[in-house]
Amino acid sequence: MANVVVVGAQWGDEGKGKIVDWLSERADVIARFQGGHNAGHTLVIDGKVFKLSLLPSGIVRGGKLSVIGNGVVLDPWALLAEIETLRGQGVTVTPETLMIAENTPLILPVHGELDRAREGHAAVARIGTTGRGIGPAYEDKVGRRAIRVADLADPETLDLRIGRLLTHHNALRAGLGLDAVDAEALKAGLMEVAPKILSFAAPVWKVMHEARRAGKRILFEGAQGALLDVDFGTYPYVTSSNTLAGMAAVGTGLGPTAIDFVLGIVKAYTTRVGEGPFPTELQDETGQRLGERGREFGTVTGRKRRCGWFDAVLVRQTCATSGVTGIALTKLDVLDGFETLKICTGYELDGERLDYLPTASEQQARVRPIYEEVPGWSESTEGARSWADLPGNAVKYVRRIEELIQCPVALLSTSPEREDTILVTDPFAD
């Protein structure tokens with residue numbers, strides 16, 4: 001059976017939630033492989049709205065196994081609150097429907113406090129984080145001082161982990177003017193949630209391997225987008241993990257040969273939350289119109305998104321770095337009614353034309369978009385479920401995007417409703 005990785009191919013917020021939900025109905029296992037509770041998915045099922053941050057989108061579907069992989073950083077209190085919210089909406093969440101990798105690092109209160117303190121420090125340039133401790137938790141992971149899910153099962157091991165962690169953090173806190181962390185209070189908080197978290201703990205790498213051998217369909221779900229990747233994104237205005245498709249293997253313990261199809265989610269225009277370069281950003285009435293029509297506010301944070309024209313240069317670049325097989329183009333209906341549209345086909349930097357975004361952040365901030373104008377359409381595309389339902393100029397717009405990004409459209413989404421989807425290529429086809 002085919003296994004599919006879903007990644008955002010822009011700066012996140014591309015509409016992954018609906019697409020993952022649409023695909024998860026046909027998957028057996030849905031695995032989240034990176035990120036934390038700073039990114040969210042909004043699902044609309046039979047008119048009911050579900051907002052997820054940590055839990056894989058498949059959790060709202062009966063008969064599926066949802067997995068939180070080791071590539072995720074997990075806030076145990078946020079997870080338990082999210083589970084309770086879903087249970088209040090009638091969703092069953094049990095150890096039979098949800099598994100957490102035993103080697104998943106935890107986000108602790110100390111991480112969020114450090115995150116917010118650094119962002120608010122006058123001497124430190126703002127990155128635009130959500131202040132939820134994602135970055136500091138990943139720092140502790142690579143610094144080999146993280147507390148992981150498995151550590152919750154042994155109080156003596158937990159003492160050692162907390163001691164090593166606070167040796168580092170209390171020194172940082174002193175420099176930022178924060179009080180030292182009470183080790184006993186931190187341990188007490190962890191021991192209180194430990195039984196609930198450990199009930200979901202499992203050797204996820206083994207479970208995934210066995211599922212693959214049994215011919216199960218696996219859907220790998222990422223958070224954020226490729227342009228926020230810590231290596232290939234607009235560094236330093238990025239997240240603290242790898243958001244590219246290759247992370248699906250590392251972040252779940254299943255080898256890269258298990259990946260059969262990479263679906264890149266791409267919005268029909270471009271948006272970004274937070275700080276950092278944005279070559280096609282529109283700070284005018286057109287940008288405001290895109291934001292209002294697309295309801296561009298963050299699922300988790302509520303932050304207003306910056307909006308701009310479609311950037312084919314960036315999407316072509318992210319399709320290459322993630323090995324995208326086909327894209328799912330979302331929010332085409334937001335462009336209804338525009339007389340003309342613009343697509344960025346290249347950049348100008350110091351008189352030179354570029355067909356990629358340079359690595360240096362100073363150069364990224366100075367590139368200027370080179371646009372190609374295409375005719376818009378006055379008819380509505382909202383709710384279209386076949387190519388025949390689309391205006392001719394909308395079809396031409398999609399085809400031009402395919403040419404420019406050098407990648408075919410596999411799915412086309414025309415509204416938040418999951419059934420309003422045009423299937424071109426089935427990612428799960430054997």
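In this predicted model, the backbone oxygen of Asp13 lies 2.6 Å from a polar atom of the Lys267 side chain. Lys267 is part of strand S9, and for a lysine it has very little surface to show: its relative accessibility is 1%, so it counts as buried, the cut-off being under 20%. Leaving out residues up to four places away in sequence, Lys267 touches Gln10, Asp13, Glu14, Glu296, Arg305, Phe310, Leu329, Thr330 and Lys331.

Strand S9, which covers residues 261-267, pairs with strand S13 (residues 326-330) in the parallel sense, over five bridges. In that pairing Ile265 sits opposite Ala328 of S13. S9 also pairs with strand S1, again in the parallel sense and over five bridges, and here it is Gly8 that stands opposite Ile265. Ile265 thus has a bridge partner in S13 and another in S1.

Strand S1 itself (residues 4-8) is well covered, with five of its five residues buried. In a regular strand, side chains alternate between the two faces of the sheet. In S1, Val4, Val6 and Gly8 lie on one side and Val5 and Val7 on the other, and all of them are buried, so both faces are covered. Besides S9, S1 has strand S8 (residues 218-221) as a parallel partner, joined over three bridges; Val5 is matched there with Phe220.

These strands belong to an open sheet of 10 strands with mixed pairing, in the order S7-S6-S5-S2-S8-S1-S9-S13-S17-S18. At the edges are strand S7 (201-202) and strand S18 (421-423), each of which pairs on one side only.

Strand S2 (residues 29-32) of this sheet holds Ala31, which counts as buried because its relative accessibility is 0%. Beyond its neighbours within four places in sequence, Ala31 is in contact with Val67, Met208, Leu219, Phe220, Glu221 and Thr252. Tyr237 is another matter: it is 206 residues from Ala31 along the chain, and the two C-alpha atoms are 26 Å apart.

Two of the residues that Ala31 contacts, Met208 and Phe220, turn up again in the largest nonpolar core. This core has 57 residues, and those with the most contacts inside it are Met208, Phe220, Phe310, Ile327, Leu332, Leu335 and Tyr397. Helix H12 (residues 392-405) supplies the largest share, six residues. Apart from this core lies another one, of 36 residues, including Leu43, Phe50, Leu79 and Val181. Back in the largest core, Ile327 has contacts with Leu263, Gly264, Val266, Cys319, Ile405, Cys407, Pro408, Val409, Ala410 and Leu411, once neighbours within four places in sequence are set aside.

Phe310 also leads to a second set of paired strands. Strand S12 (residues 310-311) pairs with S14 in the parallel sense over two bridges, and Phe310 stands opposite Ile343. Seven of the 10 residues of S14 (residues 340-349) are buried, so this strand is largely enclosed by the rest of the structure. With strand S16 (residues 368-375), S14 pairs in the antiparallel sense over eight bridges, and Thr340 faces Pro375 in that pairing. Strand S15 (residues 352-354) is another antiparallel partner of S14, over three bridges, with Glu352 as the bridge partner of Leu349. S14 and S15 make a hairpin with two residues between them, and Asp350 in the turn has a positive phi of about 55°.

Helix H2 (residues 76-88) brings the picture back to Leu79. Its 13 residues reach 18 Å from the first C-alpha to the last, close to the 18 Å expected at 1.5 Å a residue. The buried residues of H2 are Pro76, Leu79, Leu80, Glu82, Ile83 and Leu86. Seen down the helix axis, they fall within an arc of 160°, so they line one face of H2. The spacing fits a general rule: an α-helix has 3.6 residues a turn, so residues three or four places apart point the same way. The cover over the buried residues of H2 includes strand S4 (48-52), strand S5 (65-68), strand S6 (98-101) and helix H6 (183-198). At the N-terminal end, Asp75 caps the helix, with a side-chain oxygen 3.0 Å from the backbone nitrogen of Trp77. Just after H2, Gly90 adopts a positive phi of about 90°.

Definitions and conventions
Residues are numbered from 1 along each chain as its sequence is written. This is a predicted model: local features need pLDDT of at least 70, side-chain atom pairs count only at pLDDT 80 or more; totals for chains, interfaces and linings use all residues. Side-chain values use heavy atoms; hydrogens and water are left out. A nonpolar core is a set of buried Ala, Val, Leu, Ile, Met, Phe, Trp, Tyr and Cys residues joined through side-chain atoms within 4.5 Å. Buried means under 20% relative accessible area, exposed over 50%, partly exposed in between (1.4 Å probe, protein chains only). Helices (H or I, at least four residues) and strands (E, at least two) are DSSP runs, numbered from the N terminus. Contact means heavy atoms within 4.5 Å. Two strands pair if DSSP finds at least two bridges between them. The expected span of a helix is 1.5 Å times one less than its number of residues. The arc is that of the directions from the helix axis to the C-beta atoms. A polar contact is a pair of N or O atoms within 3.5 Å; within protein, one must be able to donate a hydrogen and the other to accept it, and residues adjacent in sequence count only if both atoms are side-chain atoms.
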